[in-house]
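Reader: I would like to go through this structure and ask what stands behind each label. Please show it before we start.

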Amino acid sequence: MENKTTRLYFIDAMRAWAILMMLQGHFIDGLLDTAFRDGSSITFSIWKYFRGITAPVFFTVSGFIFTFLLIKGDKTGLQNPRVKKGLKRGLELLFIGYLLRMNLLGLLQGEIYDSFYLVDVLHCIGLSLLGIIAIYLLSQKRKKYIFPTALVSITVLLFVFEPTYKTWGFSFLPDAFANYLTKSNGSVFTILPWFGYAAFGAFLSVVFTKFKNYRHLYSVAIPLFAITGAALIAYSSDLFLYISQITDLQLFANIYFNNYLFIRLGDVLLVFCVFMLLRGLLKHSTVLKLGQSTLSIYIVHFMILYGSFTGLGLYRFFHHSLTPTVAILGALAFMIICTFSALKYEDNKEMIKLRASTTLRFLLVKIELFSLSVFQLSKNRFFRLLRRVGWAKN
């Protein structure tokens, strides 16, 4: 978008950057030998800090893109076709999230492992999209400012009360549901507080949509994002300490001692700032295609690294065993293989789906014919047995 174009190329580029950061982050974090995780190393500290930015950026951008598409049309409420598409997308992400954690060997033994019920990024993003739709529908018959106000309010509330609800075990819930709310069982992500980043991305999307034709959009947004982001990083902890002192509430002191959510929100705003500054250089088709293929890239990376379905992934064979040199070179190769495979799939997606559908129909026909044959054979033998014992006439 440059005033008249509705496409926000820098958002696709941000999503491409986030998925690449995720690939190398997961590879190195999972396979680098613990002996080389030196907190005093400047290089490792920088890598670790930027790795921590990846998930907040990814959630924020996901909420931004989804809401940008949701509200850009003229139709509202249930008449908006994007609502149906969004519901389908959210449920699809939940299904894929569970599918990737399925172990076929366990299923063949009649067992579903506990890891199947753990919650990961796809589950949380899928549920976040459903949450944004719910807020959108509930606020449609009210004033226009209600929707963005609700979104940013949810972000603030989830971040402020994180020290309180993170101590809750939710033991009264079945593990399959509790895993969405607590990491105590091994979940990587939980909907609280990560929905806060998706909601904030949705809020930013509403603002960008409102001012998309404003001539000075970027000349205002870039310094505003830079100042706000830097302030959150540098001063938000002190602000909460000050509030704690004047209110004598332990909640704000707890935020001060572990203020990662607001600091990461500041990081997200600075990343937005950088990509808005470079927006004129980020229209290369490959970059945009990467940003639009993040789900395929995520699926490929999960299968290779964690061994979806079989459990035979790199993580199983090289967990915390690589030297820094091997880990870095391996991460580069891993990024290339995952992105190349995903892009090839996207190029041939329709043909692959057609072949898969044809193969499935063929198998179903064969299974049906086989079942009929078995049924007929069993029926004949059953009546033959009845005739032999005199229970049926010839």
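Reader: How many residues does the protein chain have, and what percentage of them count as buried?

Author: This is a predicted model. The protein chain has 394 residues, and 42% of them count as buried.

Reader: What makes up the chain in terms of helices and strands?

Author: There are 17 helices and zero strands in the protein chain. The C-alpha atoms fill a box of roughly 95 × 55 × 50 Å along the principal axes. Of the contacts between residues at least 6 apart in sequence, 79% join residues at least 24 apart.

Reader: Which residues touch the most other members of the largest nonpolar core?

Author: They are Phe10, Ile11, Met14, Phe225, Phe272 and Met276, in a core of 100 residues. The element that gives the most to this core is helix H2 (residues 42-71), with 13 residues. As for Met276, setting aside residues up to four places away in sequence, it touches Phe10, Phe208, Tyr218, Ala221, Ile222 and Phe225.

Reader: What does the exposed area consist of?

Author: The protein chain exposes about 22,500 Å², and carbon and sulfur atoms supply 66% of that.

Reader: How many positive and negative side chains are there, and how far apart are the centres of the two sets?

Author: The protein chain has 40 positive and 19 negative side chains, with the two centres 14 Å apart. Side chains of opposite charge can pair when their charged atoms come close. The count here comes to seven salt bridges.

Reader: Why is the pair Arg15 and Asp12 called a salt bridge?

Author: The cut-off for nitrogen to carboxyl oxygen is within 4 Å. Arg15 and Asp12 have an N to O value of 3.9 Å, so the pair is a salt bridge. The two residues are three apart in helix H1 (residues 9-31), and therefore are separated by about one helical turn. Both Arg15 and Asp12 are buried.

Reader: What makes Asp29, Arg37 and Arg51 one network?

Author: Two pairs have to be set against the same 4 Å limit. Asp29 and Arg37 meet at 3.3 Å, N to O, so they form a salt bridge. Asp29 and Arg51 meet at 3.6 Å, N to O, so they form a salt bridge too. The latter pair links distant parts of the chain, with Asp29 in helix H1 and Arg51 in helix H2, 22 residues apart. Salt bridges that share partners thus join Asp29, Arg37 and Arg51 into one network.

Reader: Why are Asp29, Arg37 and Arg51 called partly exposed?

Author: Partly exposed lies between the limits of under 20% for buried and over 50% for exposed. Asp29 has a relative accessible area of 28%, so it is partly exposed. Arg37, with 23%, is partly exposed. Arg51 counts as partly exposed at 29%.

Reader: How do you know that Asp120 is buried?

Author: Its relative accessible area is 8%, and buried means under 20%, so Asp120 is buried. Asp120 lies in the loop between helix H4 (104-108) and helix H5 (121-139). Leaving aside neighbours within four places in sequence, Asp120 is in contact with Arg101, Val188, Phe189, Tyr298 and Phe302.

Reader: Which peptide bond is cis, from Leu192 to which residue?

Author: The bond runs from Leu192 to Pro193, with omega near 10°. Pro193 lies in helix H9 (residues 191-210).

Reader: What is the phi value of Phe170, and is this residue buried or exposed?

Author: Phi of Phe170 is near 50°, a positive value in a residue other than glycine. At 11% relative accessibility, set against the limit of under 20%, Phe170 counts as buried. Phe170 is placed in the loop between helix H7 (162-165) and helix H8 (175-178).

Reader: Why does Asp248 count as exposed?

Author: Exposed means over 50%, and Asp248 has 69% relative accessibility, so Asp248 counts as exposed. Phi of Asp248 is near 60°, again a positive value in a residue other than glycine. Asp248 is found in the loop between helix H10 (217-247) and helix H11 (250-257).

Reader: What separates Val374 and Phe170, along the chain and between C-alpha atoms?

Author: Val374 and Phe170 are 204 residues apart along the chain, and their C-alpha atoms are separated by 49 Å. Val374 is in helix H17 (residues 349-388). With 36% relative accessibility, Val374 falls between the limits of 20% and 50%, so Val374 counts as partly exposed.

Terms used
Residues are numbered from 1 along each chain as its sequence is written. This is a predicted model: local features need pLDDT of at least 70, side-chain atom pairs count only at pLDDT 80 or more; totals for chains, interfaces and linings use all residues. Side-chain values use heavy atoms; hydrogens and water are left out. A nonpolar core is a set of buried Ala, Val, Leu, Ile, Met, Phe, Trp, Tyr and Cys residues joined through side-chain atoms within 4.5 Å. Buried means under 20% relative accessible area, exposed over 50%, partly exposed in between (1.4 Å probe, protein chains only). Helices (H or I, at least four residues) and strands (E, at least two) are DSSP runs, numbered from the N terminus. Contact means heavy atoms within 4.5 Å. Accessible areas come from the Shrake-Rupley method with a 1.4 Å probe; for residues, only the protein chains shown count as cover. Lys and Arg count as positive and Asp and Glu as negative; His and the chain ends are not counted. The place of a charge is taken as NZ of Lys, CZ of Arg, CG of Asp or CD of Glu. A salt bridge is a side-chain nitrogen of Lys or Arg within 4 Å of a carboxyl oxygen of Asp or Glu.
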